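The following questions and answers are intended for a reader who meets this structure for the first time. Each answer sets out its reasoning before the result.

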Amino acid sequence: MKNQSCWKDLNAQSSQKVIEELSDAFQSWFDLRHKDEEANPPGYRKHGDERPRSTVTFKEDGFKHDPENNRVRLSKGKNLKEYWSDFLLCEYQTRPDVDLSKVNSVQNVRAVWNGDEWELHFVCNVSLETNDSAGEGVAGTDLGIKNIATVAFPDEYVLYPGNSLKEDKHYFKRAEYDTEGENGPSERSMWARRKLADRETHFYHTLTDTIITECVERGVGTLAVSWPEDVRESDWGKTGNKKLHSWAFDRIYQYLEYKGEIRGVEVLKENEWNTSKTCSRCGDDTKSNRVERGLYVCSSCELVGNADCNGAENMRQKITPSPHGEDRSNGCVAQPSTYLFDRESGMFRTREQVVS
């Protein structure tokens, strides 16, 4: 790597970090190829005489930060110390709500190519003020593919479908495949990949913000989240692997956890084993109770309801067990509220608000 003119002036730790990220990316691709032959390789390949613009990480001894003047000095390595060109001096501009002079410390700086220009990403150590518990209520969340999240609040069940995310994936994946170049991803293909990643990030942040806000407003201080064990290590067949191995359940949980900590909601990870087939009213776990996608009919107590709501209620009961036989409202389980992602506002709203 150091023999290449484009890399030889890098700080030693930065060079090592580039190699580590490259190794991790290819190892992840090799592992995924065993289950999905169409998995995309990392975008590190050279196109003609043009090399890819890899993300470069500058660790603590590789940069000097001047927050008062919005500047950072990035080291180019000790091999140029006798000259005056041993660093890059960068000026940056942050969002209005970000003040780097108030963070405890900047741990590292990442130079990231966004397709049009270089961006500086600052990884900071920040002390966050946490609120007291939002309340004594308990809610349960069932994470899924069609309904990204289903939440059983103490007084209501709410579905958060992933329709808009599915539409984005279909459009941008098609755009990526249709513009794939002979020597690797084209600029249009890379644009589609970045655009989809940005849309997904916004969707998941908005979703988790909405759930935590609902918890606070409803006095819910504890949220149990379903956790599918070993889902990515199992072989579900070609179609199943595409859906389940790219399922962002861990990402949703991480977002919920840190957002909940700030706002006084304790987020707990609970194994979802048997929650989809067990009746939340009587405890019957007959497999055939899960009649079809979205429908749950208990052969013992005749509960009829939305299958995801039933699973979410079972997650809730892992924290506050309800005696079997307690009626949690058959109609409530069967007819939950639905919050859809509104593209115009970029927020989740009730179905009536979105379609009106």
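Q: In which loop does N70 lie?
A: The model is a predicted one. In it, N70 belongs to no strand itself but to a connecting segment, the loop between β2 (63-66) and β3.

Q: What is the phi of N70, and is the residue buried, partly exposed or exposed?
A: The phi of N70 is positive although the residue is not a glycine, with a value near 55°. Its relative accessible area is 32%. Since buried means under 20% and exposed means over 50%, N70 is partly exposed.

Q: Which other residue, in the loop between β15 and β16, has a positive phi, and what is its relative accessible area?
A: The loop between β15 (295-297) and β16 (304-306) holds E302. This residue is not a glycine, yet its phi is positive, at about 65°. E302 is exposed, because its relative accessible area is 63%.

Q: Is S75 buried or exposed, and which residues are in contact with S75?
A: S75 is part of strand β3 (residues 71-75). Its relative accessible area is 15%, and S75 is therefore buried. With neighbours within four places in sequence left aside, the residues in contact with S75 are N11, F58, G62, D86 and F87.

Q: How far apart are the end C-alpha atoms of helix α2?
A: Helix α2 covers residues 163-178, which makes 16 residues. At 1.5 Å a residue, the helix should span 22 Å. The computed separation agrees with this expectation: the end C-alpha atoms are 23 Å apart.

Q: Within what arc do the buried residues of α2 fall?
A: The buried residues of α2 are S164, L165, D168, F172, A175 and E176. Seen down the axis of α2, these buried residues line one face of the helix, because they fall within an arc of 100°.

Q: Which residues of α2 are exposed on the other side?
A: An α-helix has 3.6 residues a turn, so residues three or four places apart point the same way. On the side of α2 away from its buried residues, the exposed residues are K166, H170 and D178.

Q: Where is K146 found, and which residues are in contact with K146?
A: K146 is placed in the loop between β7 and β8. Its relative accessibility is 55%, so K146 counts as exposed. The C-alpha atoms of K146 and N163 are separated by 7.5 Å, although the two residues are 17 residues apart along the chain. Leaving aside neighbours within four places in sequence, the residues in contact with K146 are P161, G162 and R293.

Q: Which element gives the most to the largest nonpolar core?
A: The largest nonpolar core has 32 residues, and those with the most contacts inside it are Y160, L207, I211 and L223. Elements that each supply at least two residues of this core include β7 (137-143), β8 (147-152), α3 (187-217) and β12 (220-227). The element that gives the most, with 6 residues, is α3.

Q: Which residues are in contact with I211?
A: In soluble globular proteins, nonpolar side chains tend to be buried together. I211 is among the residues with the most contacts inside the largest nonpolar core. Apart from neighbours within four places in sequence, I211 is in contact with A149, V151, Y160, L223 and L256.

Q: What is the angle between the planes of F203 and F348?
A: The structure holds 13 aromatic pairs. In one of them, F203 and F348 lie 5.4 Å centre to centre, and the pair is edge-to-face, with an angle between the planes of 65°.

Q: How many residues apart are F203 and F348?
A: F203 and F348 are both buried. F203 is in helix α3 and F348 in strand β18 (residues 347-350). The pair thus links distant parts of the chain, 145 residues apart.

Q: Which residues do ring pairs link into a cluster?
A: The ring centres of F341 and F348 are 5.5 Å apart and their planes are at 70°, so this pair is edge-to-face. The residues linked by ring pairs into a cluster are Y160, F203, Y204, Y339, F341 and F348.

Q: How many disulfides are found in the whole structure?
A: The sulfur of C279 has its closest cysteine sulfur in C301, at 3.6 Å, which is too far for a bond. A search of the whole structure gives a number of disulfides of 0.

Note on methods
Residues are numbered from 1 along each chain as its sequence is written. This is a predicted model: local features need pLDDT of at least 70, side-chain atom pairs count only at pLDDT 80 or more; totals for chains, interfaces and linings use all residues. Side-chain values use heavy atoms; hydrogens and water are left out. Helices (H or I, at least four residues) and strands (E, at least two) are DSSP runs, numbered from the N terminus. The expected span of a helix is 1.5 Å times one less than its number of residues. Buried means under 20% relative accessible area, exposed over 50%, partly exposed in between (1.4 Å probe, protein chains only). The arc is that of the directions from the helix axis to the C-beta atoms. Contact means heavy atoms within 4.5 Å. A disulfide is a pair of cysteine sulfur atoms within 2.5 Å. A nonpolar core is a set of buried Ala, Val, Leu, Ile, Met, Phe, Trp, Tyr and Cys residues joined through side-chain atoms within 4.5 Å. Rings of Phe, Tyr and Trp (its six-membered ring) pair if their centres lie within 6.5 Å; planes under 30 degrees apart count as stacked, over 60 as edge-to-face and the rest as tilted.
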